[in-house]
Amino acid sequence: MSLKIILLIILHIVIYWQRKINQMKIAVLYICTGKYDIFWSDFYCSTEKYFCVTEEKHYFVFTDSESIASSENVSVIYQDNLGWPFNTLYRYKMFLRIKEQLVQFDKIVFFNGNCIIIDQIDFEVFFGCSAKLVACQHPGFFDKNHDEYTYEKREISTAFIRNAWKYFAGGINGGTSRLFLDVCQELSENIDNDLNRGIVAIWHDESHWNAYLNNNYEELKDRLHILSPAYLYPDGWDLPFEKKIILRDKTRHGGHDILRGVAQNNSCNGIKKVLKKFICR
């Protein structure tokens with residue numbers, strides 16, 4: 001073997017390891033209990049194809065499904081189907097179960113179960129150049145006034161908004177591992193405090209996420225990277241954004257009640273459905 005070929009091989013090895021060393025480690029969190037496991041395969045394939053493809057990703061799937069298996073870059077975390085609304089309300093508590101694993105990563109991001117990525121998303125575009133947290137504007141409120149935001153308005157709740165700023169969707173939460181886990185701890189404790197006093201925030205975990213981001217605006221404004229609704233674009237909507245991540249229409253997969261295992265005669269869910277339709281107009 002000639003010296004030139006040997007040097008080329010060495011150069012390729014050096015470049016390969018430089019890339020490995022500089023790669024960011026991203027923990028992707030995903031909850032699919034009950035019937036939500038139908039979304040997993042498409043989510044995984046689209047994320048592998050389009051999301052931060054130059055970085056190292058590992059998926060942590062919280063599920064009770066027997067059809068999803070652990071692999072080289074997928075860890076299945078058994079999670080009972082807690083029913084509605086606890087499958088979403090307890091998300092921060094679920095994440096904290098594997099805190100010791102997650103703290104080993106540079107970034108953590110949670111995606112809603114019905115997300116599917118349809119376009120290339122680079123690391124800095126998604127997480128920001130120097131931001132510590134990442135959140136996404138809610139597609140139903142990006143063009144609304146503050147008085148139209150469906151914040152938790154009961155002062156007795158820890159999710160009460162003192163300083164209205166923006167309305168964020170619960171479908172994407174993330175940031176640097178240590179700060180995001182600290183946020184998870186705080187919100188988990190707030191949710192427990194509410195429950196101990198018989199309170200469930202109007203939009204569950206989303207209400208608590210909004211309370212944290214809005215009430216800490218001055219402290220967070222320079223550390224928060226805000227994504228447009230392009231990253232949580234509801235299927236079938238017409239918004240002035242170029243689609244990056246689509247929220248798949250749950251009605252095509254049985255609807256919210258079937259996926260959540262909610263009784264069809266639940267009047268509270270009926271009221272919330274009407275409210276959602278009003279928001280989407």
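## Exercises on a predicted model

Three strands make up an open sheet, ordered β5-β10-β9, with mixed pairing. Keep in mind as you work that this is a predicted model.

**Exercise 1. Work out which strands of the sheet β5-β10-β9 stand at the edges, and what that leaves them without.**

Step 1: Start with the order of the open sheet, β5-β10-β9.
Step 2: β5 (115-117) and β9 (233-234) each have a single partner strand, so they stand at the edges and one side of each has no neighbour in the sheet.
Step 3: Now look at how β9 is attached. It is joined to β10 (residues 245-247) by 2 bridges, and these two strands run parallel.
Step 4: For a spot to find on screen, go to Pro234, which stands opposite Leu247 in β10.

**Exercise 2. Decide whether Asp194 is buried or exposed, and find what it touches.**

Step 1: Locate the residue: Asp194 is in helix α7, which covers residues 177-196.
Step 2: Check its accessibility. Buried means under 20% relative accessible area, and Asp194 has 1%, so it counts as buried.
Step 3: Skip the neighbours within four places in sequence, and the contacts of Asp194 are Ile156, Ser157, Thr158, Ala159, Ile199 and His208.

**Exercise 3. Find which elements build the largest nonpolar core, and which gives the largest share.**

Step 1: This core has 33 residues, and the ones with the most contacts inside it are Leu29, Phe60, Phe62, Phe95, Leu102, Leu133 and Leu213.
Step 2: Two or more residues each come from β1 (25-31), β2 (56-63), α4 (91-96), β4 (107-111), β6 (133-137), α7 and α8 (204-215).
Step 3: The largest share belongs to α7, with 7 residues.
Step 4: Zoom in on Phe95. Beyond residues up to four places away in sequence, Phe95 touches Leu29, Ile31, Phe62, Leu102, Phe110, Phe180 and Cys184.
Step 5: Don't mix this up with a second, separate core of 32 residues, which includes Phe51, Ile68, Tyr231 and Leu232.

**Exercise 4. Compare the span of α8 with the expected one, then say how many of its residues are buried.**

Step 1: With 12 residues, α8 reaches 17 Å from first C-alpha to last, close to the 16 Å expected at 1.5 Å a residue.
Step 2: Count the buried residues: 12 of the 12, so α8 is largely enclosed by the rest of the structure.
Step 3: Among the buried residues of α8 are His204, Asp205, Glu206, Trp209 and Asn215.

**Exercise 5. Classify the ring pairs Trp40 with Tyr44 and Phe123 with Phe127.**

Step 1: Set the scene: there are 29 aromatic pairs in total.
Step 2: The ring centres of Trp40 and Tyr44 are 5.4 Å apart and the planes meet at 40 degrees, so this pair is tilted.
Step 3: Both sit in helix α2 (residues 40-50), 4 residues apart, which puts about one helical turn between Trp40 and Tyr44. Trp40 is buried at 10% relative accessible area, whereas Tyr44 is partly exposed at 21%.
Step 4: For Phe123 and Phe127 the centres are 5.1 Å apart and the planes are at 40 degrees, so that pair is tilted. They are 4 residues apart in helix α6 (residues 123-127), again about one helical turn. Phe123 is buried at 14%, and Phe127 is buried at 1%.
Step 5: Zoom out: ring pairs link a cluster that includes Trp40, Tyr44, Phe123 and Phe127, along with Tyr30 and Tyr231.

Methods. Residues numbered from 1 in each chain as written. Predicted model: local features only at pLDDT ≥ 70, side-chain atom pairs only at ≥ 80, totals over all residues. Heavy atoms only, no water. Pairing = 2+ DSSP bridges. Buried < 20%, exposed > 50% of the residue type's maximum accessible area, 1.4 Å probe, protein only. Contact = heavy atoms within 4.5 Å. Core = buried A, V, L, I, M, F, W, Y, C linked by side-chain atoms within 4.5 Å. Expected span 1.5 Å × (residues − 1). Phe/Tyr/Trp six-rings, centres within 6.5 Å; stacked < 30°, edge-to-face > 60°.
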